[in-house]
2 protein chains.
Amino acid sequence: MTENRKLTLKDIARELNISISTASRALKGHPDISDETIRIVKEYALKHNYVPNVLAVNFRKNRTFNIGLIVPELVHHFFSTVISGAIDAAKKKGYNVIVSQSNDILQDEVTACRTFLASSVDGLLISISNETFEGKHMLDFINEGKPVIQFDKITDQLDTPKVIVDDFEGAYQAVKHLIDEGYDKIAHLRGRSEVKNANERALGYEKALKDFKREFQPEWIKECKLINEEEGYVFTKELMESENPPNAIFCITDLVALGVIKYLKKAGINIPQQVGVMGFSNWKLAEIVNPSLSSVDQHGYQIGVTATEMLIEKIQNHDIESHETVEIKTNLVVRDSTRLSKNEFGNI
Amino acid sequence: MTENRKLTLKDIARELNISISTASRALKGHPDISDETIRIVKEYALKHNYVPNVLAVNFRKNRTFNIGLIVPELVHHFFSTVISGAIDAAKKKGYNVIVSQSNDILQDEVTACRTFLASSVDGLLISISNETFEGKHMLDFINEGKPVIQFDKITDQLDTPKVIVDDFEGAYQAVKHLIDEGYDKIAHLRGRSEVKNANERALGYEKALKDFKREFQPEWIKECKLINEEEGYVFTKELMESENPPNAIFCITDLVALGVIKYLKKAGINIPQQVGVMGFSNWKLAEIVNPSLSSVDQHGYQIGVTATEMLIEKIQNHDIESHETVEIKTNLVVRDSTRLSKNEFGNI
DNA sequence: ATCGATTGCGCAAACCATTGCGGAACCGTT
DNA sequence: AACGGTTCCGCAATGGTTTGCGCAATCGAT
C-alpha cells in the first residue's frame, strides 16, 4: 500500500547524492566509508524500510540459501520428524528447506535431484530410495560444487558425509533386553538384504545372540520384502507353527511388529508372557497398540538437525572433500510387549 | 568434470556468430527468428547441454518458482498428507515447495511469513496457528502482489481464497451414522470455540441431533482446550459418572477419541455395545487402536493438491482479487467402535 | 523506380547488488 | 616542495537473461 515499488540501492544513492557502491558499502559498514556517511545511509535505509532484493543478491553470489531434502516418503512418522528437525536447524542459519519425495522410485529421485540441481538449491540432504544403489545423480551435484549429505538410508557406493542411525547397536541393545527379560529363543523378521540398515540390524541381532550364547536358528530369520503388517502376520504364523517356535520376535520395524501382535492375539498367544515382541523405530503406534510395543527410538529429529548443520557448514566452507560419518545413538523404549519381569501398570 | 563452466547464452552467441538476443529468442522459437537459425541454435544448445541459469531467469522475471507452505505442525498425519499432496501437485507445474512450521505459535508464523516474503517465494499456502486471528503478516504478502491461500485452519478475518474441509457436513454424517446405528444419547467432545473448524463440527453435531429429534443436553458438550488423549479420558470419566450418561461420544479428533477409548476400557464399559465412539481425521491410529475407531477422513492429500493448483493458477494469472472457497468433502470410515448392528469380523 | 509490407536480427537497456580498481583529497614526513 | 601513506568514495564492469525498439534486407505490388 504505502510503498508501491520496492526501494533499491539505486534509489538510496540518488536520494542521498552518493554512488550506488558507496550506499552498498555503507550499509555493511565497510571500512572505506566514513562513519558519518554510514550513519546517514543506514538511517535513510531504516527509515524507508530498505530490504535488499534477495533475487539480485542470490544471482550475484550464485547461491540461494535453500537446501534440498529428498526422502522416500513424506507421510511417514520417522521421516517427518527428520524433516521437522531439518527445517528447525535450517531456519536458525537462515536457510529454507525445499522438500521432495521419491516414493521409493529411483526415477522420481533422479528427477528431484535434477530439479534441485538445475536451480534452486545450495546443497542436498537425501535418504535414498530402495531402488538406488549407485548414485550418479548425486554425483552430478557434487561435481557442481554443491555438497550432498546422505542420511538414514544410504549407499556406500557414493562417498559423501553421512548421518546414520546406529542400527547395529540399536538392534544389539534390543535383543540384549529380550535376553535380560528371560527370552531365550529369539526370532528376527528382518528387512531386505539389499538395504544397509536391515543388514546392520540383523548383524546386531546375531552378535547379541552370540555374545550371550543364546540359541541361533537360521529358520528363525525371515526376510520381509514389503515391510508391512501382513508380512509380520504371515511370518509369525509360520514361526509359531514350526517345530521349534521362538518365544520372542524382534522386528525390522514397528509396522511389522503390529502384524506380529495381531497374529499372536488371534492365535490366543499371550504377549509378553508366552512371546515377547520388539519393534524398531518407535512410531506413534507403539504407544497405542495393545499391548504397547517396546521399540528402538531413532531420534529422527536429531538426525535432521545434525545432517542440516553439517550440510550448511559445508556449504559455507565450500567443503566437498571431507566425508565423515556421524552415528546417532538409538534409545531403547521398553513397553508392555516385552515386560516380563514386572508389569506395574497392566494393560488397558 | 567434462564441463567446468556452465554454458551461457553469451557463449552460444559468440560461437554461432549471432547476438545474445537472437540466441535467446531462437531457443524459445520466437517468430522473429528464421526456422534455420532456430534449428542451428537449438542443435548447438542441445549438443553442448545448455541449461539456462535459473538464478538469472528468476532475477529477470522477478519470481522463483517456489511456493511457501506453513503448517502448525509437520509431524502430524493430516498435515503431512497435505504437504505430500502439495509437493506432488507443485512438481507437476514445475514449482518447488518450501515448508515451514509455526508450532502453533503466532510469532513463529509471522517470522516464517517474513522470511518467505523477503525472498524466496511466489505465493503462500498457510494453515494458521491457534494463536492467529487477524492476519497482518499475510496481508503483507498480498500487498506485494503475491497470492495467499488458506487451508484447513483458516481465519475469516482475512479475505483470501480458502480450501477447507467440510467440517459441518462431516460431523453431520458422523452423528447421523451414530443415530442410524441406534445410539440415541450422543455426547460431543468439541474443540476450542475460537477455532472455526471446531465450531463447524459442533454445528454439524447439533444439526443432526435436531434433524433426527434426538436428545440434546448442553452438559454433554465438553470443550477440549489441548485436544489430547488426556482430555478425552477425563471428560469421558465425567460424562459416564454423571446422572445422565450418553451412550455415544463424538470426538473433535482421533487423539481425543483414543483417550475416550482408554477410559471406557479401564472402566469396563464395552465398545461399541454400551458406548459408541466416533473420531475425526482418520489418522493411522484409528486402524490400530482396539477396537478400531470409526472416523471421518479429511482427504488431506486432496486438500494439498487443490490448494496448490489454485495457488499456482493465481500466481500465473497475477490474480490476487478472487476469493473463492473450496470445500473438500469428507468421507465417513466406519470401524468397530461404532459397529453396533453387525460385527462381521469381530475385534482382534 | 518507388513504396509498403514483411521478415530476420541486433543493439542496448533493464533487472539489482557487488566489487576491483583507480582517482581525489588530505595528512604528515623529509 | 616532493613524496608516501591514508582515507573516502565513485566509475564501471560483472553476472545471465529478457525485451522494446529500430535497422536492414528482401520481395511484391504499383
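What share of the atoms of DNA strand D within 4 Å of the protein belongs to sugar or phosphate, and what share to bases? In this predicted model, sugar or phosphate contributes 54% of those atoms, and bases make up the rest. Local features are reported at pLDDT of at least 70 and side-chain atom pairs at pLDDT 80 or more, while totals for chains, interfaces and linings use all residues. Residues are numbered from 1 along each chain as its sequence is written, chains are lettered from A in the order in which they are written, and side-chain values rest on heavy atoms, with hydrogens and water left out.

DNA strand D is surrounded by 27 residues, the closest being Thr22(A), Arg25(A), Leu9(B), Tyr50(B) and Arg60(B); a residue is near a strand if one of its heavy atoms lies within 4 Å of it. Polar contacts (pairs of N or O atoms within 3.5 Å) reach the phosphates from chain B. An N or O atom in the side chain of Tyr50(B) is 2.4 Å from a phosphate oxygen of DNA strand D, and for the side chain of Lys28(B) the corresponding distance is 3.1 Å. Asn53(B) takes part through a polar backbone atom, 3.2 Å from a phosphate oxygen of this strand. By class, the surface near DNA strand D holds ten nonpolar, ten polar and seven charged residues, where Ala, Val, Leu, Ile, Met, Phe, Trp, Tyr, Cys and Pro count as nonpolar, Asp, Glu, Lys and Arg as charged, and the others, Gly among them, as polar.

Turning to the other strand, 25 residues surround DNA strand C, with Leu9(A), Ser21(A), Thr22(B), Arg25(B) and Asp32(B) the closest. Sugar and phosphate provide 51% of the atoms of DNA strand C that come within 4 Å of the protein. Bases are approached from both chains: a polar side-chain atom of Arg25(A) lies 2.8 Å from a base oxygen of DNA strand C, and one of Ser21(B) lies 3.0 Å from a base nitrogen. The side chain of Tyr50(A) places an N or O atom 2.8 Å from a phosphate oxygen of DNA strand C.

What relates the two protein chains? A turn of 180° and a shift of 0.0 Å along the axis lay chain A on chain B with an RMSD of 0.2 Å, superposed by least squares on the C-alpha atoms of residues with pLDDT of at least 70 in both. The two copies are therefore related as by a two-fold rotation axis. Within chain A, Ile98(A) has the C-alpha nearest the axis, 2.2 Å from it.

Conventions:
Polar contact = N/O pair within 3.5 Å; in protein donor to acceptor, adjacent residues only side chain to side chain.
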